[in-house]
Amino acid sequence: MSDFCTSVASVSPKLPTSSISQPMQSKHSLSFLAPLEAILFDIDGTLCDSDPIHYYAFREMLQEVGFNGGEPITEEFFIKNISGMHNDELCHVLFPDWDFNKAMKFMEDKEEMFRRLASVQLEPMRGLEKLCKWIEERGLKRAAVTNAPGPNAELIISMLGLSSFFELLIIGSECERAKPFPDPYLKALQELGVSPEHAFVFEDSKSGTKAGVAAGMPVLGLATRNPEELLREAGATFVIKDFEDSKLWAALEEL
């Protein structure tokens, strides 16, 4: 674990001065970030629509162990209680009466099932290739920041052909605190050498959005599976459907 992750655990970052004037900007503007230096990405549900695969794996495996009286979990339950959380936390949320090692074994088995399914089903988010090309042409720094286990993150990045695109991969469990705390995003900013006043985040979950906002950056929410209202409540600057959304490109062209 890095000293940086440990040190930020007790620090509440101040919002950048530029964010104070944000309401004065256009509703979908990012012009207060100029000059833009970096873009940070969540992975699951952001680079790809992977939540249906996670949902299926959780639903099948939880039913097998008799969770919820053997009744399959609903998509609403998944969104509210599972999506965006890291596995250590989920052990306590889903199995408060289980031994932690037993709960973690369940999580590891679930992740293995996810990787098997993802290896044949995963597809990039619509517009991702276009966005990556735009970023590369402008020489912007970029990092992937996730609560997913390392093997999952590496599999997704590789399958999407982004291994050489990302300069940095930050795994939440390798920090003192994962999302919704800001530590993973703060570590990414430090390693990229970028101020939060010149970077923004793409996220699709409530916990990830809160993490980006707490790190002092505007967050663009992707309403891939989570409700738009949930992302707004978590602090998203604005919400888009995918990387083809006209709101996104209008904001980027302003920069």
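This is a walk through the model, one selection at a time.

Keep in mind that the model is predicted: local features need pLDDT of at least 70, side-chain atom pairs count only at pLDDT 80 or more, and totals for chains, interfaces and linings use all residues. Residues are numbered from 1 along each chain as its sequence is written, and side-chain values use heavy atoms, with hydrogens and water left out.

**Stop 1: the sheet**

Colour by secondary structure; helices (H or I, at least four residues) and strands (E, at least two) are DSSP runs, numbered from the N terminus. Select the strands and you get an open sheet of six, ordered β3-β2-β1-β4-β5-β6, with parallel pairing. Two strands count as paired if DSSP finds at least two bridges between them. At the edges stand β3 (168–171) and β6 (238–240), each with a single partner strand, so one side of each has no neighbour in the sheet. Neighbouring strands are turned by 25° against each other on average, direction ignored. The axes are lines fitted to C-alpha atoms, for helices over the stretch in contact, and angles run from 0 to 180 degrees between N-to-C directions.

Zoom in on β5 (residues 219–222): three bridges join it to β6, and the two run parallel. Pick Leu222 and look across to β6, where Ile240 stands opposite.

**Stop 2: helices across the sheet**

Now add α7 (residues 128–137), which lies across β1 (38–41), β2 (141–146) and β4 (199–203) and runs at about 150° to β1. Then add α8 (residues 150–159), which lies across β2 and β3, at about 150° to β3.

Stay with α8 and select Asn152, which lies in that helix. Is Asn152 buried or exposed? It is buried, with a relative accessible area of 0%; buried means under 20%, exposed over 50%, and partly exposed in between (1.4 Å probe, protein chains only). Leaving out residues up to four places away in sequence, Asn152 touches His54, Glu111, Phe114 and Arg115, where contact means heavy atoms within 4.5 Å.

**Stop 3: helix α9**

Select residues 183–192. Eight of the 10 residues of helix α9 are buried, so the helix is largely enclosed by the rest of the structure. Among the buried ones are Asp183, Tyr185, Lys187 and Leu192. Just after α9 comes Gly193, with a positive phi near 70°.

**Stop 4: backbone oddities**

Most residues other than glycine have a negative phi, and most peptide bonds are trans. Here are some exceptions to click on:

- Ala34 and Pro35 are joined by a cis peptide bond, omega about 0°; Pro35 sits in the loop between α2 (17–20) and β1.
- Lys179 to Pro180 is also cis, with omega near 20°; Pro180 is in the loop between β3 and α9.
- Asn68 has a positive phi, near 60°, and lies in the loop between α3 and α4 (75–81).

**Stop 5: the cavity**

On a 1 Å grid over the protein atoms alone, a cavity is a set of points where a 1.4 Å probe fits but cannot get out, while a pocket is an open set with protein on both sides within 12 Å along at least five of seven lines; lining residues have an atom within 4 Å of a point. Grid points are joined across faces, edges and corners, and a volume is the space filled by probe spheres set on the points.

How many cavities of 30 Å³ or more does a search of the whole structure find? The search finds one, and about 280 Å³ of space lies in it. To find it, select Asp44, His54, Ser83, Gly84 and Met85, which lie nearest its centre among 25 lining residues. α3 (51–64), α5 (87–94) and α6 (100–121) each give two or more residues to this lining, and α3 gives the most, with three. The lining splits into seven nonpolar, 10 polar and eight charged residues. Here Ala, Val, Leu, Ile, Met, Phe, Trp, Tyr, Cys and Pro count as nonpolar, Asp, Glu, Lys and Arg as charged, and the others, Gly among them, as polar.

**Stop 6: the pockets**

The largest pocket holds about 310 Å³ of space. Of its 14 lining residues, Ile79, Lys80, Ser83, Lys206 and Leu230 are closest to the centre. α10 (206–214) and α4 each supply at least two lining residues.

Last, the second largest pocket has about 170 Å³ of space. Select Asn87, Met104, Glu111, Pro149 and Ser173, the closest to its centre of the 13 residues that line it. α6 provides the largest share of this lining, five residues.
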